[in-house]
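Biologist: I should like to learn how features of a protein model are read. May we work through one model together, feature by feature?
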Amino acid sequence: WINSNLSSNFKIYSGGDIPPQYRRIGQIVFLRGVVSPARTLSGSTDTFEIFTLPEGFRPGRTAYCLCQGSSKNTWLLTVSMSGTVNFSRYGTTSVASAGTDVWLPFNFSYCVS
């Protein structure tokens with residue numbers, strides 16, 4: 001497992017969970033971790049970068065994963081072809097702001113070519 005370098009928008013969740021990590025086995029890339037926003041993220045802004053993957057770990061097309069966050073809030077993890085791992089669409093029935101105490105776990109895999 002390789003630890004990621006978080007963008008300034010996020011921090012490691014304070015509950016003692018693992019830092020965001022990635023690895024590749026064959027053609028499969030695995031992502032895991034638990035983060036929180038480093039500052040309140042406005043619900044009106046669409047996407048925030050969590051970290052960027054190096055070449056060799058990037059998908060051939062955008063990969064999406066719906067994740068469970070704090071309470072009943074869900075969020076969308078997106079991995080772009082440029083390697084950015086993004087956070088967006090936090091909320092239940094509408095997009096909401098995400099505070100610094102929000103729990104955002106993820107465990108996701110996808111194929112690379």
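Biologist: Which residue of S8 stands opposite leucine 77?

Modeller: The general idea is that strands of a sheet pair through backbone hydrogen bonds, either parallel or antiparallel. In this model, which is predicted, leucine 77 faces phenylalanine 87 in S8. The two strands concerned, S7 and S8, run antiparallel and are joined by 5 bridges.

Biologist: What is found in the hairpin that links S7 and S8?

Modeller: The hairpin has 4 residues between the strands, and glycine 83 takes a positive phi near 100° there.

Biologist: How many bridges pair S7 with strand S6?

Modeller: S6 (residues 63–68) and S7 are paired over 6 bridges, in the antiparallel sense. Within that pairing, tyrosine 64 has threonine 78 of S7 as its bridge partner. The hairpin of S6 and S7 has 5 residues between the strands.

Biologist: Is S7 mostly covered or mostly open?

Modeller: Strand S7 (residues 74–79) is mostly covered, with 5 of its 6 residues buried.

Biologist: In what order do the strands of this sheet lie?

Modeller: The order is S5-S8-S7-S6, an open sheet of 4 strands with antiparallel pairing. Strand S5 (47–52) and S6 stand at the edges with a single partner strand each, so one side of each has no neighbour in the sheet. From one strand to the next, the twist averages 25°. At the S5 edge, 5 bridges join S5 to S8, and these two strands run antiparallel. Glutamate 49 stands opposite asparagine 86 of S8 in this pairing.

Biologist: Let us turn to strand S4. Why is S4 described as largely enclosed?

Modeller: The reading rests on burial, where a residue counts as buried under 20% relative accessible area. Strand S4 (residues 28–37) has 7 of its 10 residues buried, so the rest of the structure largely encloses it.

Biologist: Which residue of S9 stands opposite arginine 32?

Modeller: Arginine 32 has asparagine 107 of S9 opposite it. S4 and strand S9 (residues 104–111) are paired in the antiparallel sense over 8 bridges. S4 also pairs with strand S2 (residues 10–12), antiparallel and over 3 bridges; there lysine 11 stands opposite serine 36 of S4. Strand S3 (residues 21–25) is joined to S4 by 5 bridges, and the two run antiparallel. In that case isoleucine 25 has isoleucine 28 of S4 as its bridge partner. S3 and S4 form a hairpin with 2 residues between them, and glycine 26 in the turn has a positive phi of about 65°.

Biologist: Which residue in the loop between S6 and S7 has a positive phi although it is not a glycine?

Modeller: The residue is serine 71, with a phi of about 55°, and its place is in the loop between S6 and S7. Serine 71 is exposed, its relative accessible area being 69%. Arginine 89 also has a positive phi, near 55°, and is a residue other than glycine. Arginine 89, however, lies in strand S8. Its relative accessibility is 56%, and arginine 89 therefore counts as exposed.

Biologist: Which residues have the most contacts inside the largest nonpolar core?

Modeller: They are Leu31, Leu53, Trp75, Leu77, Val79, Phe87 and Tyr110, in a core of 27 residues. At least two residues of this core are supplied by each of S4, S5, S6, S7, S8 and S9. S9 gives the largest share, 4 residues.

Biologist: How is empty space inside a model read, and how many cavities of 30 Å³ or more are counted here?

Modeller: Rolling a probe the size of a water molecule over the atoms shows where empty space is left. Here the count comes to 1 cavity of 30 Å³ or more, and the volume of the largest cavity is about 50 Å³.

Biologist: Which residues lie nearest the centre of that largest cavity?

Modeller: Ser42, Thr45, Phe87, Tyr90 and Ala96 lie nearest its centre, out of 14 lining residues. The lining divides into 7 nonpolar, 5 polar and 2 charged residues. Strand S8 (residues 84–91) contributes the largest share of the lining, 4 residues. Phe87 thus has a place in two readings: it is among the residues with the most contacts inside the largest nonpolar core, and it is one of those nearest the centre of the largest cavity.

Technical notes. Residues numbered from 1 in each chain as written. Predicted model: local features only at pLDDT ≥ 70, side-chain atom pairs only at ≥ 80, totals over all residues. Heavy atoms only, no water. 1 Å grid on protein atoms, 1.4 Å probe; cavity = no way out; pocket = protein on both sides within 12 Å on 5 of 7 lines; lining within 4 Å. Points joined across faces, edges and corners; volume = space filled by probe spheres on them. Nonpolar A, V, L, I, M, F, W, Y, C, P; charged D, E, K, R; others polar. Buried < 20%, exposed > 50% of the residue type's maximum accessible area, 1.4 Å probe, protein only. Pairing = 2+ DSSP bridges. Axes fitted to C-alpha atoms, helices over the stretch in contact; angles between N-to-C directions. Core = buried A, V, L, I, M, F, W, Y, C linked by side-chain atoms within 4.5 Å.
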